Amino acid sequence: MQLYNTLSAKERAALIEEAGKDRLTLSFYQYAKITNPQEFRDHLFLTWNALDVLGRIYIAHEGINGQLSLPADQFEAFKIHLDTIDFLKGIRLNIAVEQDNMSFLKLKVKVRNKIVADGLNDDTFDVRNKGVHLSAKEFNEMLVNPNTVCVDMRNHYESEIGHFDGAVTPDVDTFRESLDIIEEDLKEFKEEKNLLMYCTGGIRCEKASAYYKHKGFKNVYQLEGGIIEYTRQINAEGLENKFIGKNFVFDERRAEKISEDVIAKCHQCGDAFDIHTNCANDACHLLFIQCDACKEEMNNCCSTTCQEIHAMPFEEQKELRKGQANSNDIFKKGRADHLPFKKDLRNIFESLPNKK
């Protein structure tokens, strides 16, 4: 019985190319009580592998978080299977704004402690006591309310390439890092302001809204389905788009274009650009923004040091890496000191009205 992916990304890409079928990229999440995550995980892998599903799915006692792709002609079969699972019946599936047959090249279904790394002890508050969910139309109306503080619950490398007009974009590396910062900097507004939150697909706001209500925030709202569902609704209903730039996504596409605006810049030369890449030096692999001109000049590397290492024969590179842990810059995602045009650190809430 095959319970794990056995093909390399290269082999899978060749099979997708050979099949010649259009694939759909989508995401969904659901908080639910899962008694045996490992058993549930194995069931999903066996069923979805047979449907040629590829992607990254996390299972925990608290629920499921999935980003995946599948052949378009298997979409109905996939939905039918979801409907056989009580807590997934009729679940909203966030269909990607931009499709790419190569968005995922492996099926990874993993058991985790949490479906999102939030660092919270859920036993200390009621995770079911969530904020008010808003449609795209309602979100637009709340966004322009002068009594609203809109907060991007994503990380700096996500909001750097796209965010809602007027939103506060915390300069953080992780979701768990943003929770305490936002609470501290907005503590004087707990009673009076509308706390309006959004993220990619809604999953981070789902937990954060309950957490902030537990912390005493009275008026907590979240964008239903996140940026992905917002984009679908504004297109379907002809609404004004208040999102500027691109939506960062965690697959091979890296981003979806929501508006024509380019709000980021190349981390090496400062020119307007908003496409992330990973440093070609395997010992670095830093995620950063690099324009086409810098990519050619630097051979897809983030520094001259990495460029020199990347130019070495492969065996020499392997020898250099022996006994060395990967650079911490991998986890800084665009913050490395040698990038002159990385996102500036700043006090993220200084511009708020009535800030003392």
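Three bridges tie β8 to strand β11, which covers residues 243-248, and the two run antiparallel. One spot to look for on this predicted model is H163, which sits opposite I244 in β11. From there, you can work outwards to the rest of that sheet, then to a five-strand sheet and a cavity.

**The sheet around β11**

- β8 and β11 belong to an open sheet of three strands, ordered β8-β11-β12, with antiparallel pairing.
- Which strands stand at the edges here? They are β8 (162-164) and β12 (255-257); each has a single partner strand, so one side of each is left without a neighbour in the sheet.
- Going from one strand to the next, the twist averages 40°.
- Helix α8, made of residues 226-237, lies across β8, β11 and β12. Its direction is at about 130° to β11.
- As a bit of background, strands of a sheet pair through backbone hydrogen bonds, and they can do that either parallel or antiparallel.

**The five-strand sheet**

- Here the order is β4-β1-β3-β2-β5, again in an open sheet, but the pairing is mixed.
- The edges belong to β4 (94-95) and β5 (107-111), each of which pairs on one side only.
- β4 is joined to strand β1 (residues 23-31) by two bridges, and these two strands run antiparallel.
- Want a residue pair to find by eye? Try S27, whose bridge partner in β4 is N94.

**Helices lying across the five-strand sheet**

- Helix α2 takes in residues 37-50 and lies across β1, β2 (54-60), β3 (63-71) and β5. How is α2 angled to β5? It runs at about 170° to that strand.
- Helix α3, residues 75-83, lies across β1, β3 and β4. This helix runs at about 10° to β1.

**The cavity**

- Rolling a probe the size of a water molecule over the atoms shows where empty space is left.
- How many cavities of 30 Å³ or more turn up in a search of the whole structure? Just one.
- The largest cavity has a volume of about 50 Å³.
- Its lining is made up of V149, L186, F189, K190, K193, N194, L195, F217 and N219.
- Sorted by class, that lining has five nonpolar residues, two polar ones and two charged ones.

Key. Residues numbered from 1 in each chain as written. Predicted model: local features only at pLDDT ≥ 70, side-chain atom pairs only at ≥ 80, totals over all residues. Heavy atoms only, no water. Pairing = 2+ DSSP bridges. Helix = DSSP H or I, 4+ residues; strand = E, 2+ residues; numbered from the N terminus. Axes fitted to C-alpha atoms, helices over the stretch in contact; angles between N-to-C directions. Contact = heavy atoms within 4.5 Å. 1 Å grid on protein atoms, 1.4 Å probe; cavity = no way out; pocket = protein on both sides within 12 Å on 5 of 7 lines; lining within 4 Å. Points joined across faces, edges and corners; volume = space filled by probe spheres on them. Nonpolar A, V, L, I, M, F, W, Y, C, P; charged D, E, K, R; others polar.
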